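Hello,

Here is the structure for you to look at. My notes on it follow below.

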Amino acid sequence: MARNKIDKGVTLIAANTEITGDVKFENQLYINGHVAGNVLADVGSDATVVVSEEGSVAGEIRVPNVVVNGKVEGNVYAANRVELATNAAVTGNVYYNLIEMQLGAMVDGQLVHDESVAAGVENVHPFPSETLETACADQ
């Protein structure tokens, strides 16, 4: 008998792998390597990204469920839940609905409880360097 159920997809960016450019995904994404670009998933989905202890992201993360145990240089927007594990190091603002932060996790930026993140509103509270870059570009 054929199985009609389609299992959810899991994508792995393995250690020693570097991706340059934005990554848009559905379901689950595990980052053990490096992403130089934004990590994106639809706001209304149940997508989850996990940045492992060996993993890193240089760009924004806009995913409903986010788990960080590695390095992120950019803002994090989690419409549902964000977990900052022991080895998490985030340089940027963290916008969340629910948060779990373990002893040892570091954030160089603001922790902003903001339910409008679920609505997909962009840059509600820009990181100070973003405001400076915009001001410099306008001159």
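Leucine 12 counts as exposed because its relative accessibility is 53%, where exposed means over 50% relative accessible area, buried under 20% and partly exposed in between (1.4 Å probe, protein chains only). This leucine 12 is part of strand S1, residues 10–13; strands are DSSP runs of E with at least two residues, numbered from the N terminus. Together with Val10 and Tyr30, Leu12 makes a nonpolar surface patch of about 290 Å². Patch residues have over 30% relative accessible area and no salt bridge (a side-chain nitrogen of Lys or Arg within 4 Å of a carboxyl oxygen of Asp or Glu), nonpolar side chains being joined within 5 Å. Areas are from the Shrake-Rupley method with a 1.4 Å probe.

This is a predicted model, in which local features need pLDDT of at least 70 and side-chain atom pairs pLDDT 80 or more, while totals for chains, interfaces and linings use all residues. Residues are numbered from 1 along each chain, and side-chain values use heavy atoms, without hydrogens and water.

The largest nonpolar core (buried Ala, Val, Leu, Ile, Met, Phe, Trp, Tyr and Cys joined through side-chain atoms within 4.5 Å) has 26 residues, and Ile31, Val39, Val49, Ile61, Val63 and Val66 touch the most other members. Strands S4, S7, S10, S12 and S14 each supply at least two of its residues, and S12 gives the most, with four.

Serine 56, in strand S8 (residues 56–58), is buried at 17% relative accessible area. Beyond four places in sequence, serine 56 is in contact (heavy atoms within 4.5 Å) with Ile31, Gly33, His34, Val35, Val51 and Lys71.

Regards

Definitions and conventions. Patches are made of residues with over 30% relative accessible area and no salt bridge: like charges are joined within 9 Å, nonpolar side chains (Val, Leu, Ile, Met, Phe, Trp, Tyr) within 5 Å.
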